[in-house]
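Here's a quick briefing for anyone opening this structure for the first time. Have a look at it, then read on.

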Amino acid sequence: MSSRLKLCNAFSKVCQASQAVPTNLKKRGMFMLARSKILAAAIAAAMLFSSSACGSAAPAVTEAPETASMMPETAAEPSEVASEAAPEPAYDGPVGLSKYSEIVRPTFARMASLDPKFKEGQSYENNIWVTEYRDVLGIELDTIWSAEGPDAYNEKLQLSIVSGDVPDIFVCNSAQFTSLVNAGMLEPLESVVEEWAIPLVAENLQADGGEGIRQATIDGNLYGLPQASVGAGAFQFLFMREDWRVKLGLEVPKTMDDLYAVAKAFVEQDPDGNGIDDTWGLGISNKPFETFFTYRGFFNGFGAYMKQWINNNGVLEDGIIQPEMKLALAELNKYYEEGLIDPEFVTKDSMAVSADAISGKVGLHFGEWWVQTWPLPDGVKLGQDWKAYTIPFAASNSEKKLGGVAKLLGRYVVKKGYEHPEALVKMYNLFQERVMSQNYDTTIYKGDGTYDFQGLAPIAPVIGVDRNVYDWGFVTKAVDAKDQSLLAPGNADQIDKFTKVMAYLDGNTPFVEGLTDEQLNDNTDYYNNYRVHYGPEAIMGLLDYYNRSGIFKLDAFYGPDTPAMLDNAAQLQSNAEEMIINIVTGAEDLDYFDEFVSEWKLNGGEQMIKEVNEWYNAQ
Amino acid sequence: MEENKREFKLMRRRGFSAEYIFDFFNILFLGFLAVCCVLPFINVIAVSLSDSSAATAGMVGLWPVKFSLDSYMFAFQKVRFLLSMKNSAIRVILGVAVNMALTIITAYPLSKTVKELKGRTFFAWFFVITMLIGGGTIPTYLIVMWTGLRNTVWSMILPGAVPVYNVVILLNFFKQLPKELEESAVIDGAGDFRIFLRIIIPLSMPCIATLIVFQTVGHWNDWFSGMIYLDNIEKYPLATYLHNVLQRPNFDNMELQEIQRVMKISNRTLSDAQILIGALPIIMVYPFLQRFFVKGMVLGSLKG
Amino acid sequence: MAKSTRRARSVHWGLYAMLVPGIILTLIYSYGPLMGLVIAFQKFDFTKGLFGSPWVGFDNFKYIFNLRDFRRALGNTLSISSMKLVFGMAFPIVVSLLLNEIRFNGLKRVIQTLIYLPFFISWVILAGIMGDLLSPSTGFLNGILKMLGFKGVYFLGNASVFPATMIVLDVWKGFGFGTILYLAALTGVDPSLYEAASMDGANRFHRMWHITMPELVPIIVLNGTLSLGNILNAGFDQITNMYSTVVYKSGDILDTLVYRVGIIGVRDSIPQYEIATSIGLFKSLVSFALISASYYLAHKFADYQIF
């Protein structure tokens, strides 16, 4: 992969995040305090245009001549598909957004949100997407079942498949995808996508270097469309209570030894000044594989990688069994023994730890960038100043690289034999056109605090590159010069970010006494824009640094799940979790790690390594 | 003699006061148990009546902090919540009716001796075995689908239509009933059906009432069948709805997009309000049915 | 004589007719799904269905019995569930007997209704409440313990006290509801028996032991036998909501293990139904053996037919 590709990967992952975060906020998450609009604008901003920092400017969505010329070919194809698919005569837009002359009704299964928000009077059956599918595309989805949340959805989809009753169009996870393809239950989509994808989609499908497409391809045939771009991933940051650090006069930790010293100071020197020993250095959850309040950043600092395969001189191996892991665990155990970690962390999941962090008990933790936008702002409102730093590296770690995961999550697929596979592509196009193109109308398609607009779309592909790092460059320049005209012309998001950063610099901080609730919310919003979007120390600046310096190590395995993974991954992960927790808490001594590794290999790990390397050698 | 009498009196008095001491400690102990049982419930009530930020911060104990009825207002505005209450009500009424009818007519023959019902032991085991062995989710789902129940309220009722545990309880109760009653009724010329309806069932009311409580609670609280067999979330019963609202998101291995989908109500005040509203109808079933237990006293005198 | 024979025969048919609806429904919905047990002997592929998946004989059983986690979970299940069985049975009986001794009907009813409340709070909710209540640093209970000069106990995070915590909480949650059955049975006791007994100078304990208790014995035997069938169910709902990695050692039970590695597993994967089914079948066989044994014993030694 070229470094440019890697860049794109990184961006698109972030882009995916920027999609997630504002919705989290709107859904209020755990903390009602987050009810306000803080940050929504700052982060959601994103995807106004599809031009990219990767250099490829997005063509405007006009009918490309070659796309238009495909029409006759389609019409020439036998069967009623063609006649039905023919656009209305007067239509002159791209074929990928054309309307069926007769309404097409594919069956569909919906993964409903656990707490859906609708605009007044709207519902899953009646909202703007339903109207647009019908009026613009001539498609009426026939939802044969719906389920709330991923667990229920997966369970029902499994049952659907066993009972031979799969919808025409649906989304599935990677393991299901592999099985469905092997069983010949999915329609190949390559030619359909070629014919029907609008240029914007074709472009955005390549934004991750075609990784998403590659992972939706089995034996040379494309069977699915990615739900999101594949990212270099969840790069880790160190989040620190900046106010505590300044108060105690500590240096920013550069090495793991520094980090230890800071954590110790945060515990022993009463950083919150309340005279009570009630603070902890490092916040971690009791589930090492969770995605916030993570172990990953800490492990990366020691050159240990979890949840990813690494390339050891041409041999792929799972990061979890590498000897570096032992160093990281020994250090964590030291933290635990010395009380730098909450002794009760073993019964706290990440939600519980984040509650602790927000109530001002945690000084340090690792996580992905969006933690700054959720849930930390709830703590900011209580006077906490959180700042992200690049992760420190241990002296023993000569490689000094961050881990990254590169796995495609969901794929939109079409049931084998369904007569209108292009209907999927059309809906896919429509979402991209409405939300990711130049024509993105934030007043209609963005949603606000009261309803969740994009989550309503049955087909909602979040592909394309991220705008945040791109905007960061402009905003930083403009703020430094105090000159709004340095922003990209007509970019409402940049103006928004610029204005808010300026407001913060003008002294509108959340850390003064006597603010009304509204002022506090606004100022927190300004503060977060400042922390995320301005200057080399802002998160986007750090991300830019990560990207440019290339100090990351991607998941070396990105093929379809191997049989041994399907069989054993869950068991092995459970064992790994137990090993980590037991060593950290001292229930097992460090040598238990070696025992774990041999058991890991015995219980299917060896087979996994074999299969993964077979895949690797075939690449 | 005198001495004996005095001793007897003393014993009585001592017994008497011992009885009071026993009563005192008995009530004290049971009262303590009752308090232990009520406290969490009071906590739930207090949380539901508190300001949500106070609740999230874990500041609410047994008394509401910053009293607020918002959650209740909000719960009652939630269409899905009200709808699911209705769905549950329908399910309980239909389900309990079907269950009880089947329990009674199945238990009665099985309470007979082998002489009266040839193959009784076989039939008994036929039912009991289903209590011990199940086929699992997938095949049950397939059967429910093949019999056309999927996405109907019957999918939550018919697969468990014969509650074997209850059948066994009831058949044992039937066995205990005095045979003489039946025999004398036969002599009086009453038909079998009449005996069953007019004598057996009324006599079994304490047991039947108990089983109604079990059954009602079972139907009201079951969430799994709703989630599996129902295709429209609008048809979910309350338990399924609440399960989805309350389940703790499992962030293991969850990628951002999924977190986005799962981030949801962790608003404790709202969920606690919904739990309370949801639990009220079912809690009221018990005191209502308690009077049947008292009526059952009649049985004792008959036996004597 | 002829007349009564005819009557007897008609009773017969009526009895059989009454069994028919139950038998039909049970055949369809309880015996029908048993075809799914084939999954235990397959490498189940959900795209191929129940009968298209490849057969693997006893491989799944070999797999689970070789799994260290399975053997551990089996042990945990047995110890937790047998304790729950014993205390979960005994406590409601004791409480029923004591309740029966309360002479003020109003008070009796109030207590009855109150102790029945915890049954209605789901484990998800209770897990949250208990997490706060049992915390070693901030929890109410540990506050009391410390006040009394004891050391704090990490009820949910210490593998050696976790099972006991689960047992106590389970008994606490269920005992009130459990009394319903016994109290209903006690309504059958003839009040004149008590009077006669007190005339004879029997004290409370004598009366409880000699009059009330015998009335409960059949239901206790019955309930105990049926509970034996649950010996391998140690309370999934409770434990899955309250356990964590650190207490797997003593708190991981068969059902949570199946759920963790067989059903949910790694999020981006498909459930291993064959593992769940094999363990399910294993559990069924054990319950079946236990129930049969107790049925046989009760029949042989007490001449009592449980069902």
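A nonpolar patch here is built from residues with over 30% relative accessible area and no salt bridge, with nonpolar side chains joined within 5 Å. Keep in mind that this is a predicted model. With that in hand, let's go through a surface patch, a chain contact and a hairpin.

**The patch on chain C**
- Seven names to find on the surface: C:Leu133, C:Phe140, C:Leu141, C:Ile144, C:Met147, C:Leu148 and C:Phe150 form a nonpolar patch of about 730 Å².
- Helix α7 of chain C (residues 140-147) chips in four residues, the largest share of that patch.
- C:Leu148 sits in the loop that runs between α7 and α8 (162-186) of chain C.
- C:Leu148 counts as exposed because its relative accessible area is 58%, and the cut-off for exposed is over 50%.

**Where chains C and B meet**
- Chain C brings 90 residues to the contact, and chain B brings 95 residues.
- Together the two chains bury about 8300 Å² between them, with carbon and sulfur atoms giving 72% of that area.
- The interface of chain C and chain B has one salt bridge: the side chains of C:Arg103 and B:Asp23 meet there at 2.0 Å, N to O.

**A hairpin in chain A**
- Strands β10 (residues 309-312) and β11 (residues 315-318) of chain A run antiparallel and pair over four bridges.
- A:Trp309 has A:Asp318, in β11(A), as its bridge partner.
- Two residues lie between the strands of this β10(A) and β11(A) hairpin, where A:Asn313 takes a positive phi near 50°.

Methods
Residues are numbered from 1 along each chain as its sequence is written. Chains are lettered from A and ligands numbered from 1 in the order in which they are written. This is a predicted model: local features need pLDDT of at least 70, side-chain atom pairs count only at pLDDT 80 or more; totals for chains, interfaces and linings use all residues. Side-chain values use heavy atoms; hydrogens and water are left out. Two strands pair if DSSP finds at least two bridges between them. Patches are made of residues with over 30% relative accessible area and no salt bridge: like charges are joined within 9 Å, nonpolar side chains (Val, Leu, Ile, Met, Phe, Trp, Tyr) within 5 Å. Accessible areas come from the Shrake-Rupley method with a 1.4 Å probe; for residues, only the protein chains shown count as cover. A salt bridge is a side-chain nitrogen of Lys or Arg within 4 Å of a carboxyl oxygen of Asp or Glu. Buried means under 20% relative accessible area, exposed over 50%, partly exposed in between (1.4 Å probe, protein chains only). Contact means heavy atoms within 4.5 Å. Buried area is the accessible area (1.4 Å probe) that two parts lose on being put together, summed over both.
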